[in-house]
Amino acid sequence: MNFITNFPLFTIVLSLFSGVLCTMLSGKTARRYTVIYECVLIALVSCVLYYTVRTGESFTYVMGEFPAPWGNEIRAGILESLLALIFLIVMICSVLGGSRFIDLDLDFSKVNLYYTLINLMTAAIMAILWTNDIFTGYVFLEILTLTSCGVLIVREIGRTTLAAIRYMIMNLLGSGLFLLGVVLLYDITGNLLMIPMQETIARISGDHRTLLAVTMALGVLTIGLAIKSGLFPFHFWMPDTYGYATPTSGSVLSSLVSKCYIFLLFKIYYRVVGIGVFEKLPIANILLVLGMCGIVLGSVSALHAEHINRMIAFSSAAQIGYIFMGIGIGGTAGYTAAIFHILAHSVTKSLLFLTTPRLAEASGNSLLFKKLQGSGLRDPSTGFFFGAAGFSMIGIPIFAGFSSKLLFASAAVGSGSRYKMVLIMIVLAVSSVLNALYFIRTLIRIFSEGEDKRRTTVKHGALYAVSMSTLIAVNLALGLFSWVFTGLIEKGLQMFG
Amino acid sequence: MLANLLANYEEAVAVILFGIGFTMLLFQNNLFKKLIGLNIMDTGTFLFLASMGYIRGRKAPIITDGVTDAAAYINPVPAGLVLTGIVVSVSVTAIMLSLTVRLYRRYHTLQLDEIYEMSKHQTEDR
């Protein structure tokens with residue numbers, strides 16, 4: 001049984017190795033290989049999840065057997081394995097669902113390099129989820145940034161290059177601040193492993209001036225990761241970045257990469273600072289306010305967009321706001337809601353980004369709303385998939401979006417402060433109405449008869465249907481059996497600190 | 001306050017450098033100057049780490065004269081972190097330079113506002 005404790009490291013090393021291997025394969029073989037090895041990763045991660053649920057505690061894997069203050073560590077609990085499992089499912093579905101566009105958008109000889117990037121990105125995601133060392137977190141954060149820039153610029157049109165430059169500049173500002181924050185924290189605590197850092201901070205947090213220094217370092221670090229994940233007011237790079245990338249990239253960037261940054265931030269709050277100390281600091285309230293602003297303003301911008309992918313990207317900004325709001329509410333209920341929303345949003349948003357280009361294909365290759373009229377009738381299966389994801393975004397019961405809104409509402413009720421509760425309820429109501437407005441408007445548009453009355457029966461590959469159905473199945477599972485997932489997340493949070 | 005700043009002048013300079021680099025990366029219009037700002041920002045962080053990691057009067061942790069007492073040596077970890085940071089910074093700069101070249105080939109300018117202006121007139125639907 002102890003052999004399972006090696007699996008988290010295997011997932012990272014296997015992904016890195018696969019990234020190198022894919023540079024030597026042809027495009028088609030690289031895709032096949034990527035899908036197969038990601039299935040292997042899913043199996044490994046499922047084993048870790050099963051093991052941690054059964055033993056009821058997290059385990060620490062010490063690399064090279066150097067004990068605590070010196071070595072490098074990996075730590076796996078229920079929370080990390082659950083996130084890793086869902087992220088891998090989303091990753092594999094994005095690769096399968098968007099593979100036709102990868103072949104269209106990329107030069108034939110470079111397709112295998114795209115899978116190299118995807119595999120390196122998987123390695124970075126896995127490492128950020130598992131790591132127990134803050135500097136390892138920084139290194140893989142940079143790898144994630146570089147690979148996400150890579151998957152963005154593979155489509156060689158002017159707009160994506162420009163979007164990539166902007167994305168990189170914002171990300172580099174974020175990385176610089178994150179590094180400064182890490183260095184300051186290292187300066188204060190003298191450690192890079194998370195648990196010894198937490199012990200030191202707990203010991204010195206009684207002193208007012210040291211606590212101020214910790215707050216400053218944490219503030220710098222938080223701003224860095226907020227820029228990278230696109231929290232309001234740093235969300236303006238999102239529409240260009242997600243809107244014109246090749247579908248797999250858009251889906252992976254919006255549903256996995258930005259969530260990884262948030263999870264790393266959450267891990268630092270929970271494990272480096274210690275949640276007891278963190279709740280005394282003013283940072284949570286600032287995140288709450290920024291999150292709520294992001295929810296409302298992101299939705300308002302989405303309402304004004306005239307390009308379907310830009311609308312979805314702005315709605316991403318709003319969903320990031322939800323997650324930060326959950327962290328801002330605090331308490332087990334707030335954190336559970338935030339983590340659940342990470343899962344719910346990643347399965348929904350990937351579905352949206354993978355279906356819109358097919359709708360565009362049925363409407364003269366245009367993503368503008370006025371051209372999309374009736375596209376759901378011209379391509380019924382894609383219309384159905386898009387509709388399901390749209391319903392989840394609006395928050396129709398049985399879908400994941402509904403459960404996460406419910407969790408946020410109940411977390412707000414339990415937050416203790418009446419002003420906070422009223423404010424959060426108002427924001428939830430307003431954002432639900434706005435969400436419903438722009439998604440129902442879109443659904444009506446794509447399902448109502450336009451001038452273009454052709455019934456082109458578009459033939460999609462079986463893999464596309466399978467991957468989209470999988471995403472909808474996970475979405476429904478999150479919605480219908482939300483108590484299973486919230487139970488797992490709560491147990492995971494107990495062993496997370 | 002001022003005495004503290006003077007005593008830690010290396011760290012103060014490092015943070016000022018970080019600020020200069022940060023504002024350059026954020027506000028410069030010329031792409032190449034932005035990249036120089038990025039490098040100044042990273043260098044500021046490295047200077048901070050290096051100066052914090054060095055303790056006056058101690059030596060690099062290599063045993064040559066049989067002294068095994070840890071108090072005689074400095075901690076090698078900050079230097080290791082600086083090296084890692086430099087590697088990251090170099091690779092990021094390389095990818096940014098290649099992006100800059102690609103943009104220049106397409107728009108024949110390095111001024112970002114001009115590039116934005118030109119990209120507005122493009123019609124690429126998907």
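Trainee: Which residues is A:Ser81 in contact with, leaving aside its neighbours within four places in sequence?

Mentor: In this predicted model, A:Ser81 is in contact with A:Val45, A:Val48, A:Leu49, A:Thr52 and A:Trp130, once neighbours within four places in sequence are left aside. The residue itself lies in helix 3 of chain A, which covers residues 78–97.

Trainee: Why does A:Ser81 count as buried?

Mentor: The term buried applies under 20% relative accessible area. A:Ser81 has 0% relative accessibility, and therefore counts as buried.

Trainee: What makes A:Leu120 partly exposed?

Mentor: Partly exposed covers the range between the buried cut-off, under 20%, and the exposed cut-off, over 50%. A:Leu120 has a relative accessible area of 23%, so the residue is called partly exposed.

Trainee: Where is A:Leu120 placed, and which residues does A:Leu120 touch?

Mentor: A:Leu120 belongs to helix 5 of chain A, residues 111–130. Not counting residues up to four places away in sequence, A:Leu120 touches A:Leu16, A:Gly19, A:Ile143 and A:Thr147. In addition, its C-alpha atom is separated by 7.9 Å from that of A:Leu144, a residue 24 positions away along the chain.

Trainee: Which residues touch the most other members of the largest nonpolar core?

Mentor: They are A:Ile125 and A:Met325, in a core of 210 residues. For A:Ile125, the contacts beyond four places in sequence are A:Phe87, A:Met91, A:Leu144, A:Leu256 and A:Cys260.

Trainee: How do you know that the radius of gyration of chain A agrees with that of a compact globule?

Mentor: For 497 residues, a compact globule would have a radius of gyration near 23 Å; chain A has 22 Å, and the value therefore agrees. Along the principal axes, the C-alpha atoms of chain A fill a box of roughly 70 × 55 × 45 Å.

Trainee: What is the radius of gyration of chain B, and what would a compact globule of 126 residues have?

Mentor: Chain B has 21 Å, whereas a compact globule of 126 residues would have a value near 14 Å. The C-alpha trace of chain B spans about 70 × 35 × 20 Å along its principal axes.

Trainee: How many helices and strands does each chain contain?

Mentor: Chain A has 21 helices and two strands. Chain B has five helices and zero strands, and its elements run α-α-α-α-α from the N terminus on.

Trainee: What percentage of each chain counts as buried?

Mentor: In chain A, 66% of the 497 residues count as buried. In chain B, the share is 36% of 126 residues.

Trainee: What part of the contacts in each chain joins residues at least 24 apart?

Mentor: Among contacts with a separation of 6 or more, residues 24 or more positions apart account for 81% in chain A. The corresponding share in chain B is 47%.

Trainee: What is the accessible surface of each chain, and what share belongs to carbon and sulfur atoms?

Mentor: Chain A has an accessible surface of about 16,700 Å², of which 68% belongs to carbon and sulfur atoms. Chain B exposes about 7,500 Å², with 67% supplied by carbon and sulfur atoms.

Trainee: How many positive and negative charges does each chain have, and how far apart are their mean positions?

Mentor: Chain A has 33 positive and 23 negative charges, with mean positions 8 Å apart. Chain B has 10 positive and 10 negative charges, and their mean positions are 4 Å apart.

Trainee: Why does A:Glu65 count as exposed?

Mentor: Exposed means over 50% relative accessible area. A:Glu65 has 72% relative accessibility and therefore counts as exposed. The residue sits in the loop between strand 1 (59–63) and strand 2 (72–76) of chain A. Its phi is near 60°, a positive value in a residue other than glycine.

Trainee: Why is A:Ile398 called partly exposed?

Mentor: Its relative accessible area is 45%, so A:Ile398 is partly exposed; the exposed class requires over 50%. A:Ile398 lies in the loop between helix 17 (380–394) and helix 18 (400–413) of chain A. Although not a glycine, A:Ile398 has a positive phi of about 75°.

Trainee: What kind of peptide bond joins A:Phe232 and A:Pro233?

Mentor: The bond is cis, with omega about 0°. A:Pro233 lies in the loop between helix 9 (208–229) and helix 10 (238–244) of chain A.

Definitions and conventions. Residues are numbered from 1 along each chain as its sequence is written. Chains are lettered from A and ligands numbered from 1 in the order in which they are written. This is a predicted model: local features need pLDDT of at least 70, side-chain atom pairs count only at pLDDT 80 or more; totals for chains, interfaces and linings use all residues. Side-chain values use heavy atoms; hydrogens and water are left out. Helices (H or I, at least four residues) and strands (E, at least two) are DSSP runs, numbered from the N terminus. The radius of gyration is taken over C-alpha atoms; the globule rule is 2.2 Å times the number of residues to the power 0.38. Buried means under 20% relative accessible area, exposed over 50%, partly exposed in between (1.4 Å probe, protein chains only). Contact means heavy atoms within 4.5 Å. Accessible areas come from the Shrake-Rupley method with a 1.4 Å probe; for residues, only the protein chains shown count as cover. Lys and Arg count as positive and Asp and Glu as negative; His and the chain ends are not counted. The place of a charge is taken as NZ of Lys, CZ of Arg, CG of Asp or CD of Glu. A nonpolar core is a set of buried Ala, Val, Leu, Ile, Met, Phe, Trp, Tyr and Cys residues joined through side-chain atoms within 4.5 Å.
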